[in-house]
Each structure stands twice: as structure tokens, then as C-alpha cells.
Amino acid sequence: MGWLSRFEPVRHGLNETKSSPSGSRDEPKRSSYLPHEETLAAVSTPAETTATGTNSSWRESRVPEFPATPISGIQSLMRSLNDQQRRASTTDSRIALVRAGAGTGKTATIIARCAHLISEGVSPNSIQVLTFTRRSAAEIRERVEEILGPRAYGLNASTFHSWAIGLLRNSEELWGYAGWTVIDADDQVSLFREARGRRPRGFPTAGQIMGVYSLARNVGCRLSEAVKIRLDISEEISAELGPIAREYERQKSLGKYLDYDDILDIVGQHLGGSEPLAAWVAQSFNHLLIDEVQDTNPLQWKIIHALAPHVSLYCVGDDAQSIYGFRGADFESIHNFKDALPEADEFSLTVNYRSTQGILDLSNWVLEQSPLDYNKKLVAARTESSTPRIAEFISDNSSADWIAGQIQQSRDQGEALRDNLILARSGWSARSMERALLERGLPYRFYGGQKLLESAHIRDLLATLRITVNPFDKLAWRRFLTLYPGIGPVKAARITEEQTGIYIDTGGFDFYLLRPPVAILLQELLEARQDPSRSVQRAAYHLIPILKDKYASDWTHRRHDFDLLLELSTDHTSVAEFLEQHVIDPLSSTERTGGPDSDYVVLSTIHSSKGMEANNVYLFKAGPGNFPSEQAKTEQEIEEDRRVLYVALTRAKNSLTVTRTAHHYPPPYTRFRTDFTSLPYFLRKVPHSLWDVVHVPEPRNTFNPPSRKRVPAPPSEQNEVIPEDTYDEVPFDDLPHHDIVPDDIPHEDISFDIAPYVDVPFDDLPHHDTVPDNIPHEGISFDIAPHNTVADDIPYDDVPYNDVPKRSPQNQHPEVSSGALPFSAEQLRAFGITDQ
Ligand SMILES: Nc1ncnc2c1ncn2[C@@H]1O[C@H](COP(=O)(O)OP(=O)(O)OP(=O)(O)O)[C@@H](O)[C@H]1O
């Protein structure tokens, strides 16, 4: 079958052979997250709706749904735990905090906790685990199922956002966001770009404004305070950001959009504002378990706090692994746990089962250098020894080539590729590593890179589907219409206004006013709204010829993504659900490559590597400027970067190799004119006993500046950084990826791979307009690196800043009737949440 024929009219559609996401097993449908009909019926009984949320009400409602019977899986699990873990996982405390260091078995303990509860007779349906990544939610669920078998089916484990959107969706009449579209960071930036308008050079970019606005919402501070933390701008400019945020909110309301921040904020505000509502929501799960609690931000805390009186709360975390401060995570929340919830019992786990003592010694040393007292000295249970290695290179490319060579050698000696984990600070900084792996033909999966649904060709296709779910989605209309030759932004905006107006008046579109191809596709998609795979097929069938032209330069690379998209769509029962789930929990485009048994190297950003471990870990590009990052200015930011390094080091089981590059591209290719010796650097004075220096002969075919004055320092000096005077001008043609930039682009404006740990949408990069559309943007960065501008997982508005209006019926779209805070007594009564 030809490739395009997959997208031709379906006779034997994929839906006919649709299997459950977890395979052929007849898996009971996971419980919907929250108040659904049965729950509503149940809470309508006065005795229960008046639950006050005291301990006794929690205990009374904890009626076992399965008889407690011995299960051999649980017995052997309990035997495999140490005393501390066993005590922590079987506690009777209603509120518990397990605070422990890296590799001490926190994940093992939360899994054991779930298994213990179920074996005691608690229904898996009434256990809700909240995690920070889809991967760890899936891991917890799968491992509990491995231990207990079918008895564990129905355990709820999801990310905070996924859980919160489930809550909004399962009782839409109450919350009032039916038909609203969840938008991702790219769409947010587009709205901010419009709200920002034509401001002069030097004014914060749309991405930066979005970043500070999100920060304000997450930490609950005023916008102007967030600006002071994040941006170095005058008060006059800062004052202009309030109206921009207000306009953003207005546009969101008109387009019926929810951003990431809205999802948690709406839930947090409502639960925090109404105890009966919190009690009602908590009816769906008697046990709430939170993984990585150190990464919760004030909004997430608000939710936990509101639910705490009504459930058994079990939290695990490690303060030394708190690395999400940039999106509002409160490092102190774990320290203040007992103040917030005095009833809590604390448990600690102190023995590390993952790493050799040599690896832990280096990790411990890194924390010991901190002015903060982490009070963590990891001790290995393992008796084998290994000493970490440091290898220094003259360029990132030679470092990447060497790592790839090491992995290839180990594979030749029979080791699995999956035994190797390569860690980089950002998707951008991992690029040269990807190139080296590709060159050697080593399959890899990349965690934390560009997400599938973020790529332009996929967004083009999905825009079409989005209109059918939310006819007011202006961003989607415009993206869809401008795909067609002859329709520019102005015409697209006119058609959008026209059609949304018609929709408000008639509840449908006027197809006669649209061009035939547009009308046909739209009509087909409207009919297929309950069939996501058919929708994807139809949209692909119509649009692929257009997209093929639009992305001609790298079409062969992009076209396979449509297969993946089609595969993903089969896991869902409606287009709305499909679109939403993949915005909430996006899948990296490489996460699904290879079959489940295929062997591949794992390449990950450090932030995405939480909870991972591997026999051999390579920390790529750990030089000055990265640890801490040059963008880390405040003490808190520097400390957070120390913890990022700590997370990276503690992923290693048997061997740990740190690489760094002594050379940085000189001006004019970057704006880095810094003397690197003057930068703070966590690994500058590492005692020689803690690592072995590997002297690597410079490999062939790597970036090698022609007039370089120095060779890598001899081993004795390798803990020192080579001074800046060794950086010579590097001709453009020696820069990696230079060949993707055509000759007519002004090369002076371009550098590559040098924007550490930022995911700035291409269109937000300065100079982006110097690069024509047919150049693959992924390969290009410019010499800017705003610090963590785009956070990918953040929550909405308590209006911590006075200048942005509260969400209320008055400032929403005419059709919208709810969203006001808090719910009225009438609303609560109507939904059986209260009876008076
Ligand atoms: N009691 C035990 N006996 C043997 N191995 C154990 C025990 N507990 C945990 N382990 C192993 O130790 C490793 C680390 O465990 P786990 O991932 O649960 O730690 P963690 O505290 O969640 O780590 P991190 O926070 O660093 O991701 C895993 O390989 C796990 O199988």
C-alpha cells in the first residue's frame, strides 16, 4: 500500500481493529477522573453531601470494595523492601510525607503503597496518584498491575493537568467549559504576540511576556513582581505588560481557549473557595498520592490543601531534586509540609540502592558545596565500586562523537543500548549529540525534545480538526485557511470573522461562502468528530499535497509523523479528547519510535530524566556556562541549577561520565563574550580523588577551528577552564549545521546550538525573519537565551496582579455562562453538592 493511500477514503478504517491502549487485554475502562453521574447520584444523599471533611468522615467513607485477601505478589513485594520502605508504604497515617534522597526507593515506595492499599481491600478506582509526567504515571500504574495483576486495573495515575482537565470535562455543566479548547505554549505566544502588537526593539518578546505572566499566576504574585524576577526592563515598559496581559485574557475568552495555567487555576480557585465542593470532588478517591511533591507550585498546593481534609494524603519527594522553581515550584513547600498539615507523619529513606558509592561521593560533594543545608549524604547499599570520569573536548561535536563511540563499543561488547542514558541541559544543546548518534546509526529516543504536536506540519493538520471542536478558535481558522494558496492573513481573518459570526447566529457554518476544497474538508471533519482516526485520515488526505509543497525541503523527514499521529488518534473516542490529551500530556515525536522491544539509547534533557536510571550515564556539555547556566542570576536560580546537576549525577548506576567543552564559539557568532573563568562553576574545584580524568585524543571530522591556539589542557589542569583568549574567530562554515543555511542569509546573525536550556519558539527568536520559511527552523537558534521563557506545564489567574480582570461571565464570550468564582449556592445545590 502506498504511503499516501493510508490517508485515502477508509473502507476498513483503523477504528475497526481498534484495541485498548494497553494491548489486547480486556482492560476495564479506567475510571473517569471525577464527578460523573454515579458520583453525583451518590453525593446527592444528604448524609454524604454534608460530609464535613474531618478525619472521621474520611475513615467512614473508606469502605473496602474488595475483601482483603492475601496476594502472593504483595508478599514478595513487601519482602523486597527494607524496613524504612515497608514502614512508609504500609503506614496507617492519614497524612504522610516520605522525604528521601535520590535512588533511595521513593518510586518503589509509592508503588508499594498503592499495592498495599489494594491488597487491603481498597478499590484501585478510589486511588488517585498525581505525578509530573505521563511517563511516571504510566510506570506506577504498570508496576502495580505487574504486582497484583487484574486486581489493580482501574488505578488512577495521571499528571496534575490531566487529572484537572478530567475533572472539568466530567462535569462540564457545572464548570461550564464545554467546547473550550486547551491551547499550548505556541498558541499562547501567538495570542501574546497579537496583544503585544508592534512594539519597538528591546521590548520583551511575546514569549518573555508569557513567561512572566505564567510565573505570576503560578506563584500568586503581582505581574510587576514577576517582571522584576525575570526581566531586566524599566518600570515604564513593565507598566505596559498589564494591558497586554488583559488583552491576552480577552482574546482567550473570545476564542474559548483555556491555557495550561487556567486548568489548574480554575480547579484550585474553586476547590479552595468551597469546602463542600472539595468534599464532593474527593468522593471519587479516598486516597490521594502525590509523587515528586517538591515540584508542586502554590496552585497545585492549593488543590492538595483543599482536598487534604477529605482524603488520605500520601506524598513523596526530595528537596534536593526540586528543579521546577522557574515555573513556580516552591522549594520550601516540602520543608513547610508539617506547618501546613500538622497532622502529617514524616518518614525518611536513607539507603541508596541505585549507584555505587563513587558516584554518590561526587553527588554528595556537589550538594555539600551549597550554602543551603540539604542534610543529604547518600550512602550506597551496593558494595561494588566505580569512580566517575571527566573528559574534556575542544568542541561539543568531538564530545558527542566520543560518547557515541563509547556506546558503540559497549554495544559491540554485547551491552544493550538501553543501558546508556545521555543527559543534556536542553533540547537545543542535545542537537550535536543527536547528530553523532545518527551518524553512527545508533537508534535513540529523545525525551524532552520538540513534541510531536508542536511541529509545524502537524499543527497545520490539527488546526483543521480544532475548528470542528471549537468554531471560535481563531488561531486554528487562520492557520487552516492560510494553507490554501491565495488566502493570506487578511483574507483568512475576514473569513474567520464571517464564519464565527454565522456560527453565533445559526449554530453552523455557511459552506457556500467557502472555497469548495475548504468546505468539503470541513464538512467531512464535522461528520467525523467522534472518530479521531478517520478525522486525521481525511485531513491528511486533503492537506498532504499542500503540506508537501510547503515543507518540500525536509518532507521525507516530516511525512512519517502523520503515521504516528494516526496511530495516536486510534487511542481516543472523540476528536476533542484526542486534541486535548495531547496538548495536556504531549508526546515527544521520538518517544514512540521503534517497537516496544527495540533497543535504543536514551537521550534526555535533565528535566525529563527525573525518575530515570541507567547503567551508564553520560552528562553531555557540563562545562561552565551550563552549571550553573549563564542565565541563572539570583541565588535561587543558581541553587536550582545545582540541584539540576545533582539530579543528573544521581541517575547513574554503574558508570558516570561527565563531558565538557573547553571551547566556546567566539564572537561574532555568539554574543558570549564572557570570560568563562569568571563564571561560577559547580565542577571547578572537584577533588581529584572524586573522578578520573580521561584523556581523549581529538577524534577526526569534528568542528576544529583552523587557528585555534591551544590544545586541550593536560590532565593535571583539566579541572581548570581554558581562558577566553584561546577563542579565535570561527569561520561560518565551521559551525555545526552551517549547511542548512543558504548563502543568501546574513551569516553574521546566525549561530547554532548555543541557547542553553530554553525552548523559545522559533518565531520568537530575534532575527527569525532573516530565515526564510523553507529552511528547517529546528536547526537554528540565535544568540539569545532568555532564561526558561517557556514553561511547559503551568497553571490561571487568582488575579495575583490587580490589572487583569477576574474571569466572570461578563468578560467572556456571549455564549459562556460560567467560570465565575466561586460557584453560587444555587449552582452547588443544582449539582447535588450541597442541599441548602
Ligand atoms: N529495597 C530495595 N532493594 C533493592 N533495590 C531497591 C530497593 N528499593 C529500591 N531499589 C532499587 O533502587 C533503584 C532506585 O529506586 P527508586 O527509583 O524507587 O528511587 P527514587 O528514590 O524514586 O529515585 P529518584 O528520586 O532518584 O528517581 C531502583 O533500581 C530500585 O529498583
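Why is strand 14 (residues 601-605) largely enclosed by the rest of the structure? Five of its five residues are buried, so the rest of the structure largely encloses strand 14. Keep that strand in mind; the tour returns to it.

**Before you click**

This is a predicted model: local features need pLDDT of at least 70, side-chain atom pairs count only at pLDDT 80 or more, and totals for chains, interfaces and linings use all residues. Residues are numbered from 1 along each chain as its sequence is written, and side-chain values use heavy atoms, with hydrogens and water left out.

**Stop 1: the whole chain**

Select the protein chain. It has 29 helices and 17 strands. Helices (H or I, at least four residues) and strands (E, at least two) are DSSP runs, numbered from the N terminus. Of the 836 residues, 60% count as buried. Buried means under 20% relative accessible area, with a 1.4 Å probe and protein chains only. The accessible surface comes to about 33,100 Å². Carbon and sulfur atoms own 50% of that surface. Accessible areas come from the Shrake-Rupley method with a 1.4 Å probe; for residues, only the protein chains shown count as cover.

**Stop 2: the domains**

Colour by domain, with bounds from an automatic or database domain assignment. Domain 1 is 91-175 + 266-349, and domain 2 is 181-255. Domain 3 is 379-449 + 594-665 + 680-694, and domain 4 is 456-573. Now place centres on domain 2 and domain 3, taken over C-alpha atoms: 34 Å separate them.

**Stop 3: the ligand**

Select the ligand and the 18 residues around it. A residue is near a molecule if one of its heavy atoms lies within 4 Å of it. Lys 106, Thr 107, Arg 354, Glu 613 and Arg 651 come nearest. Domain 1 and domain 3 each give at least three residues to this shell. Helix 6 (residues 106-119) supplies the largest share, three residues.

Colour the shell by type. Four residues are nonpolar, ten polar and four charged. Here Ala, Val, Leu, Ile, Met, Phe, Trp, Tyr, Cys and Pro count as nonpolar, Asp, Glu, Lys and Arg as charged, and the others, Gly among them, as polar.

Now show three distances:

- Glu 613: an N or O atom in its side chain is 2.6 Å from an oxygen atom of the ligand.
- Gln 85: a polar side-chain atom lies 2.9 Å from a nitrogen atom of the ligand.
- Gly 103: a polar backbone atom is 2.9 Å from an oxygen atom of the ligand.

On its own the ligand has 640 Å² of accessible area, and the protein covers 80% of that.

**Stop 4: strand 2**

Select residues 127-131. Strand 2 is mostly covered, with five of its five residues buried. Ile 127, Val 129 and Thr 131 point one way. Gln 128 and Leu 130 point the other way. In a regular strand the side chains alternate between the two faces of the sheet.

Add strand 6 (residues 287-290), which runs parallel to strand 2 and is joined to it by four bridges. Two strands pair if DSSP finds at least two bridges between them. Gln 128 stands opposite Leu 288 in strand 6. Then add strand 3 (residues 156-159), also parallel to strand 2 and joined by four bridges. Thr 131 stands opposite Thr 159 there.

**Stop 5: back to strand 14**

Val 601, Leu 603 and Thr 605 lie on one side, Val 602 and Ser 604 on the other, and all are buried. Strand 12 (residues 420-424) runs parallel to strand 14, with four bridges. Strand 13 (residues 444-447) also pairs with strand 14 in the parallel sense over four bridges. Finish on Ser 604. Leu 423 stands opposite Ser 604, and Ser 604 is the bridge partner of Tyr 447.

Note on methods: Polar contact = N/O pair within 3.5 Å; in protein donor to acceptor, adjacent residues only side chain to side chain. Buried < 20%, exposed > 50% of the residue type's maximum accessible area, 1.4 Å probe, protein only.
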